[in-house]
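Reader: Could you walk me through this one the way you would at the bench, one question at a time?

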Amino acid sequence: MITRRAAAQLVATTAVTAALGAAAGTPARAANKVVKIGLDASLTGADAQSAIKVKDATQMAFDAANEGNAVPGYTFELVILDDGTATAGQYDPAQAATNARKMVSDKDVVGALGPQMSGAGKAMTPILSQGGLATITPSSTNPDITNPKFAAQYRPAGKPIYFRTVTTDAFQGPNMANFFAEKLNVKSVYILDDSGAFGVGVADTFQAQAEKKGMKVLGRDRLDPKAPDYTTILTKIKSLNPDALYFGGVSQAGVKVAKQSYDIMPKLIRGGPDGTYGSDFLAGGGFPAVEGWYSTIAAPHLIDDTKASQFVTAFKGQFGMGADDYSITAYDAALVMIDAVKRVAASGKPVTREAVQAALMTSKVPTLQGTISFDENGDLADRTVSVFQITKDASKPLDDSSAQYKYLAVAPQS
Amino acid sequence: MTYTDLLLQQTINGLSLGAMYSLLALGFTLVYGILELINFSHFNVFMIGSFVAMWTLQMFGLSGQDVILAGLPLAGVLLVAFVVTMGFCGGLGVVIERVTLRPLRNVKGPAAMITSIGVSYILFNIVLLTVGADSKNFPNPLPTIRYQIGGATLDFRVILIWVIALLLMGALYMFVQRSRLGRAMRATAQDQEAARMMGVEVDKVIMMAFFLGSALAGAGGMIFGLYYNFTSFIIGFTAGLRAFTAAVLGGIGNVPGAMVGGMLIGLIEAMGGQFIATAWTDVIIFSILVLVLVFKPSGLFGRVAPNKS
């Protein structure tokens with residue numbers, strides 16, 4: 001008898017091997033029932049490059065599952081929705097809410113992946129919760145969404161529906177504060193955020209832990225991500241002479257902070273969360289302005305890991321683009337979803353939203369980042385935050401995140 | 001950094017921002033003065049200017065911050081880039097006027113303004129869909145020369161930006177005040193019908209206003225790129241809205257008013273960020289706008305427009 005665990009392992013392995021077989025045409029199995037999985041990502045705007053990687057990695061997992069007939073009798077169909085709008089220039093919470101409505105109103109959609117961004121997640125969860133549709137996010141890290149304290153807001157229907165294959169800013173912010181204090185010996189810091197749900201949240205948690213660590217927080221201000229000019233606030237920061245600057249936010253404001261802070265304070269220690277990790281940030285900020293910038297990601301560093309190397313090679317081969325750590329968490333999210341559907345199908349019950357949500361709660365899925373399981377709120381059991389520093393490697397493309405971000409360490413836990 | 005140094009530094013920051021707002025505000029004012037039309041496509045002509053400038057500089061082999069020029073080559077490259085950018089944007093302005101706004105010239109109400117919003121969105125989305133959404137690294141061929149004034153730093157590029165902006169604004173002012181076509185523009189602004197009866201070719205004058213305004217927006221876009229070393233499809237909105245505010249603050253339709261208004265908005269932004277918080281920038285700017293309009297509806301330098309019938 002095949003245990004659940006072994007079965008899941010088989011799925012993961014076949015998924016990877018099938019993907020390695022390159023040609024990823026999805027054979028139409030007319031007799032199969034179609035299981036639709038929604039995917040919400042920020043394909044328009046400043047974060048488009050990371051979004052494309054999320055989409056590609058997810059597509060890769062489902063193609064492999066279909067090809068390898070991972071769930072006998074069922075074919076997966078990915079419904080891709082874009083929450084970025086031209087007017088916002090990045091993710092747009094209103095568009096995310098519209099996408100959530102679209103997913104919920106399509107009865108064949110039994111599970112979802114995404115969103116990438118916490119601001120989108122906050123807009124989507126009330127709708128997903130009412131519709132009973134569970135989603136797995138590969139990168140959104142705002143802790144409020146899964147915090148039982150805010151259940152009335154983000155899961156009004158009661159059950160946890162927001163699962164993550166990354167940890168949250170409850171760890172990303174504070175662990176970076178620990179890293180600043182313990183490893184970089186920072187005594188005073190100025191904190192900026194980009195007004196977004198994610199940016200404000202991660203800056204808040206960083207600030208709280210920085211104060212606890214005895215760091216002097218010299219000030220906190222908020223940036224308009226669409227405004228071109230931050231020299232005013234950066235001049236003010238220079239006059240306060242801090243050891244470090246922490247920026248909570250994503251790349252739209254991030255690249256300008258990197259550029260202008262380099263002009264005004266070239267030697268300052270600067271860092272940010274995963275919003276400052278990726279090729280968008282490298283290309284927009286450019287060297288030398290981004291040199292030395294510290295970034296975290298809310299996941300273990302896997303790209304150099306042997307387990308992930310097969311995936312990385314296959315990804316590069318298929319899409320011609322280097323994978324990053326969030327491509328892996330996206331791939332993992334898809335594996336977890338496939339596993340849940342598989343277990344529901346194997347039990348003989350109809351594959352419904354309710355059954356998929358219940359299956360997700362008891363996930364124990366071997367993935368590229370290790371075995372994924374969730375706590376009672378849908379948060380990832382593993383809480384690793386990794387720290388990187390941008391260090392120019394002139395031999396590689398200057399916007400290749402896997403080459404220009406040098407992995408330093410796991411950030412110290414509190 | 002002493003307190004005085006800090007104030008000085010913020011003044012420098014504010015005036016650099018202001019120079020850009022002024023150039024942009026002039027375009028609003030020129031067109032409004034003549035047509036009483038708020039031309040929203042101006043926002044994104046500015047944005048396209050920054051891209052044209054970037055591509056022109058890249059054609060000279062400049063990319064990123066790696067190639068630094070000095071002396072004559074620098075002056076030559078910048079001159080060519082400014083001429084190409086301003087020519088392209090000026091032409092774009094003329095095309096926008098000819099194709100989308102002239103047919104609506106005699107339509108009463110907000111139709112023309114709404115058309116200009118539409119054109120603005122078209123330009124915006126064309127750039128988004130063709131060059132992509134990510135921020136582009138704008139080439140910076142300017143050498144890093146920094147002057148210390150006490151604790152404040154004055155960059156060479158800031159001086160260059162001031163000089164270029166002042167030259168352009170001065171040239172425009174002279175043109176409007178002294179040249180024949182300038183006189184025709186002023187006449188058209190006062191009374192289109194009377195000007196036409198006096199033999200002014202009104203269509204040509206309007207075309208000229210669009211050309212000049214858009215060319216200045218193009219120059220503003222290039223200055224934006226040189227100053228911030230990045231550009232993106234989204235830069236037109238915040239800058240455009242603040243420049244529009246500057247034009248209204250100075251008295252819309254009034255050329256020196258737009259220049260002073262731009263500088264004021266730049267300074268308000270810098271000082272507001274220093275003494276209150278950057279998060280409050282828009283609240284501060286627009287509160288001042290509201291106050292000025294309540295107590296002096298025609299703006300700081302404007303006069304109440306004569307009743308046109």
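**Helix α8(A) and what surrounds it**

Author: Sure. One thing up front: this is a predicted model. In α8(A), the buried residues are Thr231(A), Thr232(A), Ile233(A), Leu234(A), Thr235(A), Lys236(A), Ile237(A) and Lys238(A).

Reader: How many of the 10 residues of helix α8 of chain A are buried, then?

Author: A residue counts as buried once 20 or more other C-beta atoms lie within 10 Å of its own. The helix covers residues 231-240 of chain A, and it is largely enclosed by the rest of the structure because the buried ones number 8 of the 10.

Reader: What covers the buried residues of α8(A)?

Author: Chain A contributes to the cover with, among others, β6 (188-193), β7 (216-222), β8 (244-248) and α9 (251-264). Chain B joins in too, and its elements there include α1 (3-35) and α10 (255-275).

Reader: Which strand does α8(A) run at about 175° to?

Author: α8(A) lies across three strands of chain A, namely β6, β7 and β8. Just after the helix, Asn241(A) takes a positive phi of about 55°. The strand for that 175° angle is β7(A).

Reader: And at what angle does α9(A) run to β8(A)?

Author: α9(A) lies across β6, β8 and β9 (269-272) of chain A. Its angle to β8(A) is about 165°.

Reader: Which strands stand at the edges of the open sheet in chain A?

Author: The sheet has 7 strands with mixed pairing, in the order β7-β6-β8-β9-β10-β13-β14. An edge strand here has a single partner, so one side of it is left without a neighbour in the sheet; that goes for β7 and β14 (405-410) of chain A.

Reader: Which residue in β14(A) is the bridge partner of Ser386(A)?

Author: β13 (residues 386-390) of chain A pairs with β14(A) in the antiparallel sense, over 5 bridges. Within β14(A), the partner of Ser386(A) is Val410(A).

Reader: Is Gly158(A) buried or exposed?

Author: Gly158(A) sits in the loop between α5 (151-154) and β5 (162-164) of chain A. The cut-off for exposed is 12 or fewer C-beta neighbours within 10 Å. Gly158(A) has 9 inside 10 Å, so it counts as exposed.

Reader: Over to chain B. How does its radius of gyration compare with what the globule rule gives for 309 residues?

Author: Chain B has 11 helices and 4 strands. Chain B is as compact as a globular protein of that length, because the rule gives 19 Å and the radius of gyration is close to that, at 19 Å.

Reader: What share of the residues in chain B is buried?

Author: The C-alpha atoms of chain B fill a box of roughly 60 × 45 × 40 Å along the principal axes. Of its 309 residues, the buried share is 51%.

Reader: How far apart are the end C-alpha atoms of helix α5 of chain B?

Author: The helix has 23 residues (156-178), and at 1.5 Å a residue they should span 33 Å. The distance in the model agrees with that: 32 Å.

Reader: Which helix gives the largest share of the side of chain B that touches chain A?

Author: On that side, 33 residues of chain B are in contact with 30 residues of chain A. α1, α4 (111-131), α8 (202-228), α9 (235-250) and α10 of chain B each supply at least two residues. The largest share, 5 residues, comes from α1(B).

Definitions and conventions: Residues numbered from 1 in each chain as written. Chains lettered and ligands numbered in written order. Predicted model: local features only at pLDDT ≥ 70, side-chain atom pairs only at ≥ 80, totals over all residues. Contact = placed C-beta atoms within 7 Å. Rg over C-alpha atoms; globule rule 2.2 N^0.38 Å. Expected span 1.5 Å × (residues − 1). Pairing = 2+ DSSP bridges. Axes fitted to C-alpha atoms, helices over the stretch in contact; angles between N-to-C directions.
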